[in-house]
Amino acid sequence: MTNKHLTLNANPVVAYLQKPAAQFTKEDIIRYISENEIQMVNFMYPGGDGKLKTLNFVITDLDYLETILTCGERVDGSSLFSFIQAGSSDLYVLPRFRTAFLDPFAEIPTLTMLCSFFDKDGQPLASAPEQTLRKASETFTKVTGMQFEAMGELEYYVISAEEGVFPAVDQHGYHESAPYAKTNAFRTKCMKYIAQTGGQIKYGHSEVGNFTLDGLTYEQNEIEFLPVPVEQAADQLMLAKWVIRNLAYEEDYDVTFAPKITTGKAGSGLHIHMRIMKDGRNQMLQEGVLSEAARKMIAGMMDVAPAITAFGNKNPTSYFRLVPHQEAPTNVCWGDRNRSVLVRVPLGWAAGIDMSAVANESEECRVKSEEGLARRPEGESQFATAPGTAAANSSLFTLHSSLYTLHSSLNKQTVEMRSPDGSADLYQLLAGLCVACRHGFEMENALQVAEDTYVNVNIHDAQNADRLAQLAQLPDSCTASADCIERQRSVFEQYDVFSPAMIDGIIAQLRAFDDATLRKDIEDKPEEILKLVTRYFHCG
């Protein structure tokens with residue numbers, strides 16, 4: 001029997017197999033390959049540089065296909081991760097069937113899957129990116145009894161030759177339409193391909209940043225996702241960056257996720273929204289206000305926020321974005337709808353008003369009409385609204401619609417971490433945020449920390465200088481970030497979520513930049529800034 005919801009799924013594998021990706025089995029993958037003349041299988045997995053790596057297999061017979069799906073293949077771990085020594089570098093990569101998608105770029109019909117790493121003993125590699133995130137997610141649930149969900153806002157610049165027609169206003173590209181925004185069609189094609197890989201997209205739009213430099217046009221875009229289980233959130237962001245870069249290459253664009261390109265122009269962040277779920281219900285609100293559980297998770301992020309930069313701000317250009325008087329945070333604080341804070345509580349549809357009926361007269365008339373049918377005139381038989389009658393059905397429909405609207409609205413509330421950028425290691429970052437939020441539930445003074453770090457003013461206004469002075473600061477360099485993670489590493493190593501080897505590797509990587517005074521040293525030297533940006537242009 002065909003499920004119309006699955007038939008409309010953008011992932012052709014889901015639509016063909018008629019089952020959610022989470023339920024894919026090895027037999028499903030073999031059937032799809034056999035019945036759709038798939039000739040190649042690709043394994044993909046992240047390396048220590050945050051980019052996806054690829055291993056290709058040509059399918060020659062069923063036994064060989066069964067072997068690679070069951071046993072995976074060997075890879076050289078020392079060439080992928082700095083913390084693995086050459087003397088013991090052999091690792092296995094095994095495909096995760098739920099990630100299967102039809103490669104939108106391959107000339108030869110190709111099925112691609114993301115992989116997990118295993119060590120020589122056949123155990124999940126403790127320091128592997130996806131394994132660290134899995135442990136973070138499982139530990140969060142074990143401690144809190146809830147599930148951790150996340151989604152990202154992926155910002156990037158598209159670079160093309162300057163056309164000189166319908167020029168956009170500098171730094172005013174937010175939600176701009178064509179022809180003033182030149183790369184909207186490219187973004188929508190990216191969205192289509194990302195959806196084909198399994199990405200759950202909320203929307204896409206042009207962003208604030210746009211400028212011309214040396215005959216090139218730079219247009220900032222954003223693709224935002226829907227909240228999903230945190231492991232799935234990391235996978236879809238990895239694939240989204242891979243799609244955007246590949247499509248740009250095909251269409252003669254250049255793209256960058258770099259946190260900062262030039263001074264005075266908008267940088268690109270990777271804001272992460274989070275929510276906690278239990279029995280399918282969002283636990284972020286209680287009686288229309290932020291719940292105690294939500295405030296505890298915020299407190300955890302406040303406590304370890306400086307250390308989170310070690311996962312989410314991975315090169316020196318990250319700290320040219322995290323400067324005062326921009327829409328990027330510098331202080332450890334949170335607030336409602338305030339874009340200058342580190343953690344923002346965005347609008348959450350908690351007003352309890354049917355805005356659709358207000359905006360659409362036809363909706364308001366329909367509801368009134370259905371309510372009128374549902375009311376029985378005085379003296380009418382009590383059986384007039386018995387089950388099956390038009391009035392009863394109308395009344396039930398109105399009630400169902402209202403409950404659906406309420407449920408959908410309540411499930412929308414998230415909190416947003418605004419410090420990370422495109423240099424982030426996505427699995428480390430989401431694991432780190434998951435740990436931070438769990439940490440909040442284990443802090444005895446969590447609610448007091450949440451109260452002390454809440455701000456409801458623009459913290460960069462001169463009259464709020466005293467309040468600003470009371471707040472902790474984010475690091476101003478990779479070197480400072482390394483110091484922060486070293487001081488708080490025990491939080492992330494608790495429950496064996498982050499391995500000591502991984503934390504050691506992160507600290508060494510950050511300190512190797514030796515950038516303790518770099519931001520101050522070159523802030524007035526545009527040539528030096530350009531060299532730095534060029535070096536890290538294709539980060540993450």
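1. Let me start with D496, which counts as exposed because its relative accessibility is 59%, and the cut-off for exposed is over 50%. This is a predicted model, so please read every value here in that light. D496 is found in the loop between α17 (489–493) and α18 (500–511). Its backbone deserves a look while you are there: D496 has a positive phi of about 60° although it is not a glycine.

2. Staying in this part of the chain, you can move on to D504, whose place is in helix α18. D504 is partly exposed, with a relative accessible area of 41%. If you want a partner to display with it, try E486: the two C-alpha atoms are 8.4 Å apart in space, and the residues are 18 apart in sequence.

3. Q18 also has a positive phi of about 60°, and Q18 is not a glycine. You will find Q18 in the loop between α2 (12–17) and α3 (26–35). Is Q18 buried, partly exposed or exposed? With 22% relative accessibility, Q18 counts as partly exposed, because buried means under 20%.

4. Here is a peptide bond to check by eye. The bond from A178 to P179 is cis, and its omega is near 5°. P179 sits in the loop that runs between β7 (147–161) and α6 (184–196).

5. Strand β12 is a good place to spend some time. The strand covers residues 270–278 and is mostly covered, with 8 of its 9 residues buried. One of its pairings is with β7: the two strands run antiparallel and are joined by 8 bridges. Within that pairing, M151 has H273 of β12 as its bridge partner. As background for viewing strands like these, side chains in a regular strand alternate between the two faces of the sheet.

6. β12 has other pairings too. Strand β18 (residues 415–417) runs antiparallel to β12, and 3 bridges join them. There, I272 has M417 of β18 as its bridge partner. Strand β13 (residues 281–282) also pairs with β12 in the antiparallel sense, over 2 bridges, and K278 is matched with R281 in β13. β12 and β13 form a hairpin with 2 residues between them, and D279 in that turn has a positive phi of about 55°.

7. Just ahead of β12 comes A258, in the loop between β11 (254–256) and β12. A258 is buried, with a relative accessible area of 2%. Which residues touch A258, once neighbours within four places in sequence are set aside? The contacts are S268, Y536, F537 and C539. The pair with F537 is a nice one to display: A258 and F537 are 279 residues apart along the chain, yet their C-alpha atoms are separated by 5.5 Å.

8. Another hairpin is worth a visit. Strand β1 (residues 40–46) pairs with strand β2 (residues 52–58) over 7 bridges, in the antiparallel sense. To find the register, use M44, whose bridge partner in β2 is T54. There are 5 residues between the strands in this hairpin, and G50 takes a positive phi near 85°.

9. Now for a pair of helices. Two packed helices are described by the angle between their axes and the distance between the axes. Helix α5 (residues 129–144) packs against helix α7 (residues 230–250) at an angle of about 150°, and their axes are 9 Å apart. The two are therefore roughly antiparallel to each other, since angles over 145 degrees fall in that class. On the α5 side the contact is made by L133, R134 and S137, and on the α7 side by V230, E231 and A234. By class, that gives 3 nonpolar, 1 polar and 2 charged residues.

10. Finally, the whole chain. How many helices and strands does the protein chain have? There are 20 helices and 18 strands. Of the 540 residues, buried ones make up 51%. Among contacts with a separation of 6 or more, 72% come from residues 24 or more positions apart. The chain exposes about 25,100 Å², and carbon and sulfur atoms supply 51% of that area.

Note on methods
Residues are numbered from 1 along each chain as its sequence is written. This is a predicted model: local features need pLDDT of at least 70, side-chain atom pairs count only at pLDDT 80 or more; totals for chains, interfaces and linings use all residues. Side-chain values use heavy atoms; hydrogens and water are left out. Two strands pair if DSSP finds at least two bridges between them. Helices (H or I, at least four residues) and strands (E, at least two) are DSSP runs, numbered from the N terminus. Buried means under 20% relative accessible area, exposed over 50%, partly exposed in between (1.4 Å probe, protein chains only). Contact means heavy atoms within 4.5 Å. Accessible areas come from the Shrake-Rupley method with a 1.4 Å probe; for residues, only the protein chains shown count as cover. Axes are lines fitted to C-alpha atoms, for helices over the stretch in contact, and angles run from 0 to 180 degrees between N-to-C directions. Angles under 35 degrees count as roughly parallel, over 145 as roughly antiparallel, 65 to 115 as roughly perpendicular and the rest as oblique. Ala, Val, Leu, Ile, Met, Phe, Trp, Tyr, Cys and Pro count as nonpolar, Asp, Glu, Lys and Arg as charged, and the others, Gly among them, as polar.
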